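Please open the model in your viewer and keep the selection tool at hand. We will go from one stop to the next, with a selection to make at each.

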Amino acid sequence: MGSDHSRSTPSAPPRVRRILIATVVPLFVATVLAAVVLWPRDGSPQTAGGTDVPRYHGTVTRVVTEPCPPAAPSPEGTPDAGAGLCGTVDVRVADGPAAGQQVQTPVPDGPGAPRVEVGDEVILVELTDPADPVASSWNIAEHQRGTPLVWLAVVFAAAIVAFGRWRGLAALAGLAASFAILLTFVLPGIGAGRSPLLVAVVGAALIMFVVLYLTHGVTAQTSVAVLGTLGSLVLTGVLATIATAATHLTGFGSEDATTLSMFQANVDLHGLLLAGIIIGSLGVLDDVTVTQAATVTELANANPGLTRLQLYRAATRVGRAHIASTVNTIVLAYAGASLPLLLLLTADSRPLGQILTSEFLAQEIVRSAVATLGLIAAVPLTTGLAAVVTAAGRSGAEPPAERPRPDRAEALAALSSPRTGRPDPTGPDPARATPPTTATDRWHEPDRSTETAW
């Protein structure tokens with residue numbers, strides 16, 4: 001999340017710290033109180049789905065494939081040629097009542113069916129015939145992915161810690177805290193029928209407080225990033241509400257949302273769309289606000305003579321370059337997550353205007369546009385706050401000594417005059433052995449330090 005600004009920054013003066021504490025602490029307390037009020041207390045929401053089928057682990061020991069027989073003739077009288085794979089798969093069950101036994105399953109076939117080979121670790125399900133409870137059959141549901149995912153997580157964590165060291169370890173802790181808040185508060189709260197927009201704003205604020213202070217430390221710079229992120233989140237929520245109302249989006253723009261409405265009818269899908277925009281914007285907002293706050297701090301440290309306005313202008317130029325690349329990141333992230341949808345659109349025969357204004361595509365356009373607007377607003381907001389805090393921190397400090405200006409005529413004369421004050425390589429000259437007394441001669445002193453101020 002942003003660059004690693006690990007260099008220690010000067011502590012803010014007591015007056016600035018008191019102002020930031022008086023601003024940030026009430027916001028944090030309000031966020032915690034809102035989370036306590038909205039926290040789901042009814043346990044896991046009940047869904048309308050059926051009972052969960054037991055799943056068991058197994059290892060493929062034998063695969064036998066053969067051409068599928070021709071299907072029965074169609075009503076038009078033309079027989080359909082056999083398609084797909086047929087045959088059997090022998091699997092040794094690793095757990096459950098049938099542990100250690102060899103069971104036989106049909107070769108998985110159909111769209112999305114796993115392709116199995118000998119030695120593959122798979123997930124088995126045992127299906128019982130409703131007409132004859134004694135009769136049952138085994139089927140392969142999917143591959144086991146636990147072990148590869150664990151190794152990938154280990155490599156991921158090791159790379160972050162090896163590169164970021166303590167800061168990388170703090171980033172991993174922040175990532176774990178983010179998932180904990182999402183899984184224990186945001187998702188259960190929305191599933192329990194709470195307002196998705198309110199739950200998302202409170203959950204995003206909780207994630208922001210925990211992650212930013214845990215990763216970047218409790219400093220004035222981090223507090224500025226927190227205030228900028230929180231203000232941008234609120235603005236993003238307002239813009240998302242206005243945009244979805246103006247475009248009359250219902251939240252039923254995807255197959256997943258429609259399926260969710262059948263299993264959990266109490267979930268507000270329109271609010272869920274707004275919540276997704278808020279949560280999706282948080283990570284990019286953190287990146288921008290932390291970078292802008294650090295940029296202002298570094299500029300002030302590099303040149304203490306910069307005024308508040310000069311700090312703001314210089315840091316804003318950095319923010320413009322950052323936004324130019326981040327906007328493309330947002331659009332490509334949404335496009336990457338919606339590639340099946342985009343491929344489906346290429347096969348659509350409707351006019352382009354109808355495709356763009358359909359709900360499932362208009363929903364993605366609103367997501368990208370609103371997230372980008374909130375991101376753009378974060379730059380001047382955070383930069384302005386950082387410039388004010390940094391300038392206020394220097395208001396009582398002694399201004400730096402001004403570097404004396406050189407005399408231009410003296411410097412030009414020194415550069416154009418013959419070299420004096422040095423021994424003649426042909427021999428000593430007593431007439432020129434006197435030390436130099438003019439400014440021009442001092443310029444050519446051989447023992448003079450080049451680091452002396454002009």
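pLDDT is the predictor's confidence in each residue, on a scale from 0 to 100, and contact means heavy atoms within 4.5 Å. Both terms are useful here, since this is a predicted model.

**Stop 1: the whole chain**

Colour everything by pLDDT. The mean for the protein is 79, and 78% of its residues reach 70 or more. Now select residues 1–6: pLDDT stays under 50 here, and the model has 18 contacts for this stretch beyond four places in sequence. Then select residues 396–401, where pLDDT also stays under 50 and the model has one contact beyond four places in sequence.

Switch to a cartoon view. You should find 12 helices and five strands. Of the 454 residues, 33% count as buried. Among contacts with a separation of 6 or more, 69% are between residues 24 or more positions apart.

**Stop 2: α1 against α4**

Select helix α1, residues 14–38, together with α4, residues 220–246. Their axes are 11 Å apart and the helices pack at an angle of about 50°. An angle between 35 and 65 degrees counts as oblique, so α1 and α4 are oblique to each other. The crossing of α1 past α4 is left-handed.

Show side chains for Leu-20, Thr-23, Val-24 and Leu-27 in α1; they meet Ala-220, Ser-223, Leu-227 and Leu-230 in α4. By class, the residues of this contact are six nonpolar, two polar and no charged.

**Stop 3: α2 against α3**

Next, select helix α2 (residues 146–191) and helix α3 (residues 196–216), whose axes come within 9 Å and cross at roughly 165°. Which way do they run relative to each other, parallel or antiparallel? That crossing angle makes α2 roughly antiparallel to α3. Here α2 passes α3 in a right-handed crossing. The contact of α2 with α3 is made up of 17 nonpolar residues, six polar and one charged.

Stay in helix α3 and pick Thr-215. Is Thr-215 buried or exposed? Its relative accessibility is 9%, so Thr-215 counts as buried. Setting aside neighbours within four places in sequence, Thr-215 is in contact with Arg-167, Ala-170 and Ala-171. Draw a distance from the C-alpha of Thr-215 to that of Gly-168: the two are 47 residues apart in sequence and 8.1 Å apart in space.

**Stop 4: two positive phi values**

Keep α2 on screen and select Arg-165, which lies in that helix. What is the sign of phi at Arg-165? Phi is near 55°, a positive value in a residue other than glycine. Most residues other than glycine have a negative phi, which is why this stop is on the tour. The relative accessibility of Arg-165 is 65%, so Arg-165 counts as exposed.

Move on to His-248, in the loop between α4 and α5 (255–263). His-248 is not a glycine either, yet has a positive phi of about 55°. With 64% relative accessibility, His-248 also counts as exposed.

**Stop 5: Ile-278 in α6**

Select helix α6, residues 269–302, and pick out Ile-278 within the helix. Ile-278 has a relative accessible area of 1% and is buried. What surrounds Ile-278, beyond residues up to four places away in sequence? Ile-278 touches Leu-197, Ala-200, Val-201, Ala-204, Leu-233, Thr-236 and Gly-237. From Ile-278 to Gly-237, 41 residues apart along the chain, the C-alpha separation is 6.4 Å.

**Stop 6: α6 against α7**

Leave α6 selected and add helix α7, residues 308–337; the two pack at an angle of about 155° with their axes 10 Å apart. They are therefore roughly antiparallel to each other. The crossing of α6 past α7 is right-handed.

For the side chains, begin on α6 with Val-284, Asp-287 and Val-288, and on α7 with Leu-311, Ala-314 and Ala-315; these are among the residues where the two helices meet. Further members of the contact include Leu-299 and Ala-300 in α6, and Ile-323, Thr-326 and Ile-330 in α7. Sorted by class, the contact of α6 with α7 has 11 nonpolar, seven polar and one charged residues.

Note on methods:
Residues are numbered from 1 along each chain as its sequence is written. This is a predicted model: local features need pLDDT of at least 70, side-chain atom pairs count only at pLDDT 80 or more; totals for chains, interfaces and linings use all residues. Side-chain values use heavy atoms; hydrogens and water are left out. Axes are lines fitted to C-alpha atoms, for helices over the stretch in contact, and angles run from 0 to 180 degrees between N-to-C directions. Helices (H or I, at least four residues) and strands (E, at least two) are DSSP runs, numbered from the N terminus. Angles under 35 degrees count as roughly parallel, over 145 as roughly antiparallel, 65 to 115 as roughly perpendicular and the rest as oblique. A crossing is left-handed if the near helix is turned anticlockwise from the far one by less than a right angle, and right-handed if clockwise. Ala, Val, Leu, Ile, Met, Phe, Trp, Tyr, Cys and Pro count as nonpolar, Asp, Glu, Lys and Arg as charged, and the others, Gly among them, as polar. Buried means under 20% relative accessible area, exposed over 50%, partly exposed in between (1.4 Å probe, protein chains only).
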